[in-house]
Amino acid sequence: MANDIKYDTFIQEVTHQLGHGGLFLNTKAGDTINTMVIGWGGITIFWGKPIFIAPVRQSRYTHELLEKSSEFSVSVPLKPDENMKKTLAFCGSKSGRDMDKFRKCNITPVGGRSIDVPIIGECPLHYECKIIYKTDIVPNTLDKTIDDKWYPDYHTLYFGEILNCYTI
Ligand SMILES: Cc1cc2nc3c(=O)[nH]c(=O)nc-3n(C[C@H](O)[C@H](O)[C@H](O)COP(=O)(O)O)c2cc1C
């Protein structure tokens, strides 16, 4: 059974996991579902709303799906075991263009509660988000050392209003 929690209850754990293996960013467009790993972004407040910022490079299959959708979910493995660490590494390096990562990793897409995008049943913590803004990184407004270090293949930042947050 799901337990509703406040958006910021696990903010420290989420921030920690971003830097230690990442989180699952789940998408759906039409009948196609996919998941990839993010290590940047996170939970913040904007326009008086709780927001999950998901930074997705334009080369990702996830980017293609998000451009056809207005929703995403984030599933967080808290204290991942070895098997979950392997799943993160796999989903963070293989593309959904080439395979069904849910099937390949034996992870379970569970229907979202308030959006049409699934969450990952093997994770304990979930955020369901509606995209209310997106913006591409603008190269000539970015610090040059960062530009040189991290790009080309710029991110789009997707601002997802957190509609609900729960543990299972
Ligand atoms: C720890 C980790 C963090 C990552 N963070 C991001 C990220 O923040 N943004 C991004 O676009 N890709 C990130 N990636 C890479 C994507 O998860 C990876 O390219 C994935 O295979 C894309 O899948 P897709 O083509 O199915 O969308 C990360 C990968 C790992 C392992």
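Q: In this predicted model, is Glu82 buried or exposed?
A: The relative accessible area of Glu82 is 54%. Exposed residues are those over 50%. The verdict for Glu82 is therefore: exposed.

Q: Which residue meets the side chain of Glu82 in a salt bridge?
A: Both partners lie in helix 3, residues 82–91. They sit 3 residues apart, about one turn of the helix. The N to O distance is 3.5 Å, and the partner of Glu82 is Lys85.

Q: Is Lys85 buried, partly exposed or exposed?
A: Lys85 has a relative accessibility of 42%. Buried needs under 20% and exposed needs over 50%. Lys85 therefore counts as partly exposed.

Q: Which residues of helix 3 are exposed on the face turned away from its buried side?
A: Glu82 is exposed, at 54% relative accessible area. Glu82 belongs to the face of helix 3 turned away from the buried side. The exposed residues carried there are Glu82, Lys86 and Ala89.

Q: Within what arc do the buried residues of helix 3 fall?
A: The buried residues of helix 3 are Met84, Thr87, Leu88 and Cys91. They line one face of the helix, because, seen down its axis, they fall within an arc of 100°.

Q: Which elements do the buried residues of helix 3 pack against?
A: Met84, Thr87, Leu88 and Cys91 make up the buried set. Their packing partners include two helices and two strands. By name, these are helix 1 (11–18), strand 2 (23–29), strand 3 (32–38) and helix 4 (101–105).

Q: How many residues apart are Lys144 and Asp148 in helix 5?
A: The side chains of Lys144 and Asp148 meet in a salt bridge, 2.7 Å from N to O. Lys144 is exposed, at 57% relative accessibility. An α-helix has 3.6 residues a turn, so residues three or four places apart point the same way. Lys144 and Asp148 are separated by about one helical turn, their spacing in helix 5 (residues 144–150) being 4 residues.

Q: How many residues apart in sequence are the parts that Asp4 and Arg113 tie together?
A: Asp4 forms a salt bridge with Arg113, with the closest N and O atoms 2.8 Å apart. Asp4 lies in strand 1 (residues 3–4), and Arg113 in the loop between strand 7 (109–110) and strand 8 (119–120). The pair therefore ties together parts whose separation in sequence is 109 residues.

Q: What are the relative accessible areas of Asp4 and Arg113?
A: The two partners fall in separate exposure classes: Asp4 is exposed, whereas Arg113 is partly exposed. Their values are 55% for Asp4 and, for Arg113, 43%.

Q: How many salt bridges does the structure hold?
A: Side chains of opposite charge can pair when their charged atoms come close. Glu64, Lys68 and Arg97 are linked in a network of such bridges. The total for the structure is 9.

Q: Which residues come nearest to the ligand?
A: The ligand has 21 residues around it. Nearest are Pro55, Thr62, Lys94, Ser95 and Gly96.

Q: What share of the ligand's accessible area does the protein cover?
A: A polar side-chain atom of Thr62 lies 2.6 Å from a ligand oxygen. Side-chain N or O atoms of Asn34 and Arg60 come to 2.9 Å and 3.0 Å from a ligand oxygen. Of the 650 Å² that the ligand has on its own, the protein covers 81%.

Q: Which residues are joined by a cis peptide bond?
A: Most peptide bonds are trans. Here one has an omega of about 25°. Its proline is in the loop between helix 5 and strand 10 (155–167). The joined residues are Tyr151 and Pro152.

Q: What is the phi of Asn106?
A: Most residues other than glycine have a negative phi. Asn106 has a positive one. This residue is exposed, at 66% relative accessible area, and sits in the loop between helix 4 and strand 7. Phi of Asn106 is near 60°.

Q: Where is Trp47 found?
A: Trp47 has a positive phi, near 55°. Its place is the loop between strand 4 (42–46) and strand 5 (49–57).

Q: Which side chain makes a polar contact with the side chain of Asn164?
A: Asn164 is found in strand 10 and is buried, at 15% relative accessible area. Among the residues that Asn164 touches are Arg113, His126 and Tyr127. The polar contact spans 3.1 Å, and the partner side chain is that of Ser114.

Note on methods. Residues numbered from 1 in each chain as written. Predicted model: local features only at pLDDT ≥ 70, side-chain atom pairs only at ≥ 80, totals over all residues. Heavy atoms only, no water. Salt bridge = Lys/Arg side-chain N within 4 Å of Asp/Glu carboxyl O. Buried < 20%, exposed > 50% of the residue type's maximum accessible area, 1.4 Å probe, protein only. Arc of directions from axis to C-beta. Contact = heavy atoms within 4.5 Å. Near = heavy atom within 4 Å. Polar contact = N/O pair within 3.5 Å; in protein donor to acceptor, adjacent residues only side chain to side chain. Areas by Shrake-Rupley, 256 points an atom, 1.4 Å probe, with all protein chains shown as cover.
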